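Q: I would like to learn how to read contacts and helices in a model. Can we go through them one at a time?

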Amino acid sequence: MSSEYFHFLNILGAAFFAVSGTLMGHEKNINGFGIVVVASMTALGGGTVRDLLLNTTIFWIESPDFLYATYGAIIATVAFIRYLPSISNYYFLLVDAIGLAIFNIVGIEKALIEGTSMLVAITMGMTTGIFGGLMRDVICREIPLVMRGDLYATACLSGGLVYAVLFAVDVSYIWCIVGAIATTVLLRLGALHWGWRPNLFKKGRIL
């Protein structure tokens, strides 16, 4: 993937997660500064953990574009909420699913750029996608989405595996990315709409 595409995807993921953090803060009646804290941690937390583990420069310190995208998304979401204060929880879940899928890919790509194996890259993709939302939910005193019965970490892992398979058979980068994002988003939305659950330990049912 070119550096321009990678940068764009990273900014897009930060913006989507900033929106999900803002919506969560609004739902919990957190004050203005608190919303900025929650949304910023959601948007930047997963990538920060990833970069610390990879022992590389933290992405939002290296480039302020991610801060502009994060704060811009927060302001835009707050303005939107003012005109639609009774916003449905569906929008939160939708933007969270998209942010999860994008950051999963960003984490995989960043790890591969740093020279890791594909297994480590998939793990870094999950780390990037999950930890921001985990921080958000903990701060807001919610049971983290990753700890619930929904497909969350499983959706992230599945997207990573699709990426790895397509990458291994030498499919174009763009289709590796599209396949992984589509898999993650579809599994998340399927879990929300049809109640799919990762029943790994329930006899006779394995997902």
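A: Start with a salt bridge. In this predicted model, the side chains of Asp 51 and Lys 110 meet in one, at 2.9 Å from N to O.

Q: Which parts of the chain does the pair of Asp 51 and Lys 110 tie together?

A: Place each partner in its helix. Asp 51 lies in helix H2 and Lys 110 in helix H5, so the bridge ties together parts that are 59 residues apart in sequence.

Q: Are Asp 51 and Lys 110 buried or exposed?

A: Both Asp 51 and Lys 110 are buried. The cut-off for that label is under 20% relative accessible area.

Q: Which residues are linked with Asp 51 and Lys 110 in a network of salt bridges?

A: Arg 50 joins them, so read the three as a network under the 4 Å rule for nitrogen and oxygen. Arg 50 has another contact too. Its charged end sits over the ring of Phe 59, 5.3 Å from the ring centre.

Q: How many salt bridges are there by this rule?

A: The count is five. One of them joins Lys 28 and Glu 142, at 2.3 Å from N to O. Lys 28 lies in the loop between H1 and H2, and Glu 142 in the loop between helix H6 (118–139) and H7, so this bridge ties together parts 114 residues apart in sequence. Lys 28 is partly exposed, at 31% relative accessibility. Glu 142 is also partly exposed, at 26%. Arg 136 and Asp 137 form a salt bridge as well, with their closest N and O atoms 2.9 Å apart. Both Arg 136 and Asp 137 are buried.

Q: How many aromatic pairs does the structure hold?

A: Four. For each pair, read the distance between centres, then the angle between planes. Phe 17 and Phe 103 are 5.4 Å apart, centre to centre, with 90 degrees between the planes. That makes the pair edge-to-face. Phe 17 is in helix H1 (residues 3–27) and Phe 103 in helix H5 (residues 89–113), 86 residues apart. Both rings belong to buried residues.

Q: Why is the pair of Phe 167 and Tyr 173 tilted?

A: Look at the angle. The planes of Phe 167 and Tyr 173 stand at 45 degrees, with the centres 6.1 Å apart, so the pair is tilted. Phe 167 counts as partly exposed at 34% relative accessibility. Tyr 173 counts as partly exposed at 38%. With Tyr 163, these two form one aromatic cluster.

Q: How do I read a helix?

A: Begin with the repeat. An α-helix has 3.6 residues a turn, so residues three or four places apart point the same way. Now take helix H7 (residues 153–168). H7 has 16 residues and reaches 22 Å from its first C-alpha to its last, close to the 22 Å expected at 1.5 Å a residue.

Q: Which residues of H7 are buried?

A: They are Ala 155, Cys 156, Gly 159, Gly 160, Tyr 163 and Ala 164. Look just past the helix too. Asp 170, just after H7, takes a positive phi of about 65 degrees.

Q: Which residues make the nonpolar surface patch?

A: Phe 33, Val 37, Met 41 and Ile 139 make a patch of about 360 Å². Then ask where its members come from. Helix H2 (residues 32–54) gives the largest share, three residues. Met 41 has its place in H2. Met 41 is partly exposed, at 30% relative accessibility.

Notes. Residues are numbered from 1 along each chain as its sequence is written. This is a predicted model: local features need pLDDT of at least 70, side-chain atom pairs count only at pLDDT 80 or more; totals for chains, interfaces and linings use all residues. Side-chain values use heavy atoms; hydrogens and water are left out. Rings of Phe, Tyr and Trp (its six-membered ring) pair if their centres lie within 6.5 Å; planes under 30 degrees apart count as stacked, over 60 as edge-to-face and the rest as tilted. Helices (H or I, at least four residues) and strands (E, at least two) are DSSP runs, numbered from the N terminus. Buried means under 20% relative accessible area, exposed over 50%, partly exposed in between (1.4 Å probe, protein chains only). A charge sits over a ring if NZ of Lys or CZ of Arg is within 6 Å of the ring centre and within 35 degrees of the ring normal. The expected span of a helix is 1.5 Å times one less than its number of residues. Patches are made of residues with over 30% relative accessible area and no salt bridge: like charges are joined within 9 Å, nonpolar side chains (Val, Leu, Ile, Met, Phe, Trp, Tyr) within 5 Å. Accessible areas come from the Shrake-Rupley method with a 1.4 Å probe; for residues, only the protein chains shown count as cover.
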